[in-house]
Amino acid sequence: MLKINIFRHLKSTFAKVVFLLSIVTVGLLLLVLTLYFYTLQQEKQIFKNSNELYNEEIEALLKLNSESYSSIVADITYWDEFVSFTKTKDINWFNRSVANLVETYRVEYLVAYDKEGNFLTKASTSKISTRIFIPTEVFPILNEKKSNKFYLKIPEGIVEVYGATIHPSDDPFKNKTQPSGYFFIARLLDKNYFTNIEEICSSKIKFYTGKETAGKTVFKIVPLNDFNDKKIAELYFKRAYDIDFSITKMILFVMGLALFLSGIVYYFYSVKWAKLPISLIKKILTSEDRNSISSLKNIKGEFRYIGKLFEENLEQREQLNKAKEKAEESDRLKSAFLTNLSHEIRTPMNAIVGFSDLLENHEISESDEKKYREIISTSGKNLVAIIDDLVEMSQIDTDQIQLRYSEFELEETIHYIFEEAKKRAKNKKLEFKIENLKGNLPQKVISDKAKFEQIIYHLLSNAIKFTNEGNVSLLYDVDEKLERINITVIDTGIGIESKNFDYIFKRFRKIDSDHAIRGGGIGLGLSLSKAYVEMLGGEISVQSLLGKGAMFNFYIPLILKNKLDVALTEKLGIVSIDEIEKTPSKKIETILVAEDDNFNYLLIEKILKLKNYKIIRAEDGEEAVEISLNNDNIDLILMDIKMPKMSGHKAFEEIKKMKPDMPIIAQTAYTSSEEVEEIFKTGFTNYISKPISKEKLYSLIEKVLRSKNII
């Protein structure tokens, strides 16, 4: 009935055949295993019995050996003449009557004491040179027991000691009189001792060390106790055990292994040819397992074609899922980004519009007016910074960023950025520190100065943003051995959890905390820093403890001009600051400003007139060309790139045909790397981006004209 029920559940013929084969194989294996384990039990039982018999034999032998010496000591110690000796101390009598026991009974030492435990005399062989070694603690024990056997450790080795109290001959049981003295004989447990016993019991004897193994031997460990019954050593007896079941066990093992392997071989090929392909197909249909598809493709025949079809279908589905996940993630990031961007843009715009309205009130005080103007300026700079970050990240995503290598003053640049960043913390109680860790920096290095400055500025701004009070430090050094410029920014701010170390370098990602929300920003500063560092060939890392502050480290390669060859210098397009002559400045006579927007022109005019520059305006590209060619007093041109009638690039080309030495600075609202690269490719002397910074414009004009020896 059970068999019928089982076969009902086995729906495939393959399963039924495998089941029957398994029953037969398992039955035979169980039979072999039963015989094998029965043999093991028999082997263990025989060994156990043999070991027990051996232990009994050794115990009987030792007992018999000790009884003879115990009898000798007992016989000698109830002797009237021995009692008299303890009083007269006649050494000659002792040597004639007792000392001969050393040779007669093959003992190495015998000794006599009076009833107070005082040494009387002794006799010994050359094996024991120690004169007295019987402890005084033994005498009270002998008084009670009358005789005793124990072991002692002496300089010559371990001795077996037999001791007894001395009594008259009319007191054979030693219970009528008090002891007249004490007598001891001792045997040294040396090689001769072991050899004599080994011949009797056909065993090997040694002192037990705990490292002995009992493979194919029966053994007995005998403790050697002193007079206080404390173990001082152990004897190890062993005898070869010749009963061996290994051949029987080997035959049974081979039989079991043969049965097991035959079952495995049959099942393996059955599975390989029939069950495996079907199970793989089931697994693919239920879980879309790629490993199963690979396995199915490796099976010859029609299953290989089926596997390829499954693989193509799975790849199509995975591509669809990835596209879906990417679209969903993009939508989530876009929504979060737009929400954050809207907030970050509206915040400075609100300040600009609001305080601009307040400036229209003519009754405000001079101090308030100054404060409002500072707020409008700061908000405008923040707005420009947000837009610049977005443009830069867009250019990075499309691989449009081009590095512009130049030679610059390393320490001067670091200190300049440090001072600029400090301006962001004027309303915070922070202590700033800048330190050169090693000194002896190279004066000039080669890298992309703008990217290098942005990295440091972003890290310092980030440290200031998240540190309300405490310290912000900028540490730097040059490792000439590894050829690296190392920069470290340390703050004592809110810190970062270790789980967020990678998260903070991802774009548009901000840690969800109240402080991060109050700090503002769209989450691009650290992303840009990491991108720039890697573009320059370096690495950036962070270490931090939450609530203890953070430390950002980065390095970029150290490139020195004296270690460059001409080909690499030309490839990188390096411009040396030594090419700029530093001559005394003088007033600029005339600057041509090509600008079509009235408001932008008005701003530039006001800025330049503060320096007493003479301004000429051109409202489009054609007018700029005409004025430039007809006026020899123009010393410099500020050229807008996007103008009506003729673009800034075209106007530049026309002017340069007639006046190739004329310095022309591009001014543009486009700050992408592609646009900047196009400006320099055209041949402009330099460029300035909008909105125009007054200080930056002054510095740029002076630098350009100095390089042309105009001032």
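**Exercise 1. Place the annotated aspartate in the fold.**

In an unreviewed entry, UniProt lists Asp640 for "modified residue: 4-aspartylphosphate"; UniProt positions are given in the numbering used here, feature names are shortened, and annotations may be inferred rather than shown by experiment. Find where aspartate 640 sits, whether it is buried or exposed, and what it touches.

*Solution.* This is a predicted model, in which local features need pLDDT of at least 70 and side-chain atom pairs count only at pLDDT 80 or more, while totals for chains, interfaces and linings use all residues. Residues are numbered from 1 along each chain as its sequence is written, and side-chain values use heavy atoms, with hydrogens and water left out.

Step 1: aspartate 640 belongs to strand β18 (residues 636-640); helices (H or I, at least four residues) and strands (E, at least two) are DSSP runs numbered from the N terminus.

Step 2: its relative accessible area is 5%, so aspartate 640 is buried, where buried means under 20% relative accessible area, exposed over 50% and partly exposed in between (1.4 Å probe, protein chains only).

Step 3: leaving out residues up to four places away in sequence, aspartate 640 touches Ala594, Glu595, Asp596, Gly648, Gln667, Thr668 and Lys690, a contact being heavy atoms within 4.5 Å.

**Exercise 2. Describe strand β16 and its pairing with β17.**

How many of the residues of strand β16 (residues 590-594) are buried, and in which sense do β16 and β17 pair?

*Solution.* Step 1: five of the five residues of β16 are buried. Thr590, Leu592 and Ala594 lie on one side, and Ile591 and Val593 on the other, so that both faces are covered.

Step 2: β16 pairs with strand β17 (residues 614-618) in the parallel sense over five bridges; two strands pair if DSSP finds at least two bridges between them. Within this pairing, threonine 590 stands opposite lysine 614 in β17.

**Exercise 3. Account for the surroundings of lysine 220.**

Which side chains make polar contacts with the side chain of lysine 220, and is this lysine buried or exposed?

*Solution.* Step 1: lysine 220 lies in strand β7 (residues 217-225) and, at 13% relative accessibility, counts as buried.

Step 2: its side chain makes a polar contact with the side chain of asparagine 55 at 3.5 Å, and another, of 2.8 Å, with that of glutamate 59. A polar contact is a pair of N or O atoms within 3.5 Å; within protein, one must be able to donate a hydrogen and the other to accept it, and residues adjacent in sequence count only if both atoms are side-chain atoms.

Step 3: beyond four places in sequence, the contacts of lysine 220 also include Tyr54, Ile58, Leu235, Tyr236 and Phe237.

**Exercise 4. Relate the largest nonpolar core to the five-stranded sheet.**

Which residues touch the most other members of the largest nonpolar core, and what is the strand order of the open sheet of five strands?

*Solution.* Step 1: the core has 44 residues, of which Phe452 and Phe554 touch the most other members; a nonpolar core is a set of buried Ala, Val, Leu, Ile, Met, Phe, Trp, Tyr and Cys residues joined through side-chain atoms within 4.5 Å.

Step 2: among the elements that give two or more residues to this core are α13 (449-465), β12 (469-479), β13 (484-491), β14 (539-545) and β15 (549-557). Helix α13 gives the most, with seven residues.

Step 3: the sheet has the order β10-β12-β13-β15-β14, with mixed pairing. Because β10 (429-436) and β14 each have a single partner strand, they stand at the edges, and one side of each is left without a neighbour in the sheet.

Step 4: β12 and β13 run antiparallel and are joined by eight bridges, and the bridge partner of leucine 474 is valine 489 in β13.
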